[in-house]
Structures are given as C-alpha cells and as structure tokens.
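Reader: I'd love to go through this structure with you, one question at a time. Could you start with the terms I will need?

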Amino acid sequence: MTDYDPGNIFARILRNEVPSARVYEDDEFVAFKDIAPKAPVHILVIPRHEGTTAPSALLESDAGWMGRMVVAATKIARAEGLDERGYRLVMNSGPDAHQEVQHIHLHILGGKSLDSMA
Ligand code: AMP
C-alpha cells in the first residue's frame, strides 16, 4: 500500500516506541489491550508486517495471514476465558466505521453481554 504511514500508533507499538499491554505475540501477530476498552475484555490483534491499512486494502494474496490472524484471535479469546459466554470479533474499515488507526487490526470484545447488532 502506498498510503501506509509507518508513523501510525500501531507501527510504533510494534517497534516498542510506544508501550502497550501485550497479551500475546508470535512470529506474525501481536495482541495488546485496547487503551480505551469498550468491554471488560477488549484486545487488538495486529499483523507484524506493515503495509496493510484496512480491510478495504486486502488482496487475494493476503488471505493466508488474514485467516491465521482470525484463528490467533480465537486462541486469545479462549485464553481470556471467553469461549463459554462468547465474544465479538470486529474489523473497522474506513470513515463510516470510524476506523482510527490505519494499520489493519482485529478487535476482540467480550466479558459482558454486548449490545445486540440487530
Ligand atoms: P479502530 O477505530 O478500529 O481504528 O480502533 C482503534 C483502536 O485503537 C481504538 O479502540 C483505540 O482505543 C485503540 N488505541 C489507540 N491508541 C492505542 C494505544 N496506544 N494502545 C492501545 N490501544 C490504542
């Protein structure tokens, strides 16, 4: 992506220029607590690689790591004790979704009964 800004806050978290409360990391992904949680458990999962700004920027060639990021999120949710009651995985893309950070990320939300989407 040509519009990826390496100075975005999540890229800075990846470089340890900004602190974060990390709950998981592997070769491909890092997960940390959201600084302004919208639920008792609110974790963000991000890929280590820079360049993908948003879901709208995904290409067919991103399907492998993107699928693995979803699977990683389910493992994190399980480790957080969310399997029994459930949780929500959310990805925001663009202004109508109020995407704030232009480094693709997956929200894990749980720990309470979330608002219905209906
Ligand atoms: P989005 O609106 O999907 O772009 O979500 C971005 C999320 O990043 C928001 O929920 C913010 O609260 C969160 N956030 C922003 N800065 C930080 C930070 N330094 N550490 C952890 N979470 C952050």
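Author: Happy to! A residue is called buried when its relative accessible area is under 20% and exposed when that area is over 50%, with partly exposed in between. Please keep in mind that this is a predicted model.

Reader: Good, let's use that. Is Asn16 buried or exposed?

Author: Asn16 sits in the loop between helix 1 and strand 1 (22-25). Its relative accessible area is 59%. Exposed means over 50%, so the word for Asn16 is exposed.

Reader: What is the phi of Asn16?

Author: Most residues other than glycine have a negative phi. Asn16 is not a glycine, yet its phi is positive, at about 60 degrees.

Reader: Which loop holds His98, a residue other than glycine with a positive phi?

Author: The phi of His98 is near 60 degrees. With a relative accessible area of 63%, His98 is exposed. Its place is the loop between strand 4 (87-90) and strand 5.

Reader: Now to the ligand. Which residues are the closest to it?

Author: The ligand is surrounded by 17 residues. Being near here takes a heavy atom within 4 Å. The closest of these residues are Asp34, Asn92, Glu100, His105 and His107.

Reader: How do the residues of that shell divide into nonpolar, polar and charged?

Author: Tyr counts as nonpolar in this scheme, and Gly as polar. On that basis the shell around the ligand holds eight nonpolar, five polar and four charged residues.

Reader: Which polar atoms of Glu100 and Val101 face an oxygen atom of the ligand, backbone or side-chain, and at what distances?

Author: For Glu100, a backbone N or O atom lies 2.6 Å from a ligand oxygen. For Val101, a polar backbone atom is 3.0 Å from an oxygen atom of the ligand. A polar contact needs N or O atoms within 3.5 Å. The atoms asked for are backbone ones, at 2.6 Å for Glu100 and 3.0 Å for Val101.

Reader: And how far is the polar side-chain atom of His105 from an oxygen atom of the ligand?

Author: Here the side chain takes part: one of the polar atoms of His105 lies from a ligand oxygen at 2.7 Å.

Reader: How much of the ligand's area does the protein bury?

Author: On its own, the ligand exposes 510 Å². Of that area, the protein buries 89%.

Reader: What kind of space does the ligand take, and which element gives the most to the shell around it?

Author: The ligand's space is the largest pocket. Two elements give two or more residues to the shell: helix 1 (9-14) and strand 2 (29-33). With three residues, the one that gives the most is helix 1.

Reader: Back to His105. Is it buried or exposed, and which backbone oxygen lies 2.7 Å from a polar atom of its side chain?

Author: His105 is in the loop between strand 4 and strand 5. Its relative accessibility is 5%, and the cut-off for buried is under 20%, so His105 counts as buried. The backbone oxygen at 2.7 Å from its side chain belongs to His103.

Reader: How far apart are the C-alpha atoms of His103 and Phe10?

Author: His103 lies in the loop between strand 4 and strand 5. At 0% relative accessibility, His103 counts as buried. Along the chain, His103 and Phe10 are 93 residues apart, while their C-alpha atoms are separated by 6.4 Å.

Reader: Which backbone nitrogen does the side chain of Asn8 reach?

Author: Asn8 is in the segment before helix 1. Its relative accessibility is 8%, so Asn8 counts as buried. At 3.0 Å, its side chain reaches the backbone nitrogen of Ala11.

Reader: How far apart in space are Thr52 and Tyr4, C-alpha to C-alpha?

Author: Thr52 is in the loop between strand 3 (41-47) and helix 2 (63-79). Thr52 counts as buried, because its relative accessibility is 7%. Thr52 and Tyr4 are 48 residues apart in sequence, and their C-alpha distance is 6.8 Å.

Reader: One last pick: why does Asp115 count as exposed?

Author: Asp115 is in the segment after strand 5 (106-110). The cut-off for exposed is over 50%. Asp115 counts as exposed because its relative accessibility is 63%.

Methods. Residues numbered from 1 in each chain as written. Predicted model: local features only at pLDDT ≥ 70, side-chain atom pairs only at ≥ 80, totals over all residues. Heavy atoms only, no water. Polar contact = N/O pair within 3.5 Å; in protein donor to acceptor, adjacent residues only side chain to side chain. Areas by Shrake-Rupley, 256 points an atom, 1.4 Å probe, with all protein chains shown as cover. 1 Å grid on protein atoms, 1.4 Å probe; cavity = no way out; pocket = protein on both sides within 12 Å on 5 of 7 lines; lining within 4 Å. Sits in = over half its atoms within 2 Å of the grid points. Helix = DSSP H or I, 4+ residues; strand = E, 2+ residues; numbered from the N terminus. Buried < 20%, exposed > 50% of the residue type's maximum accessible area, 1.4 Å probe, protein only.
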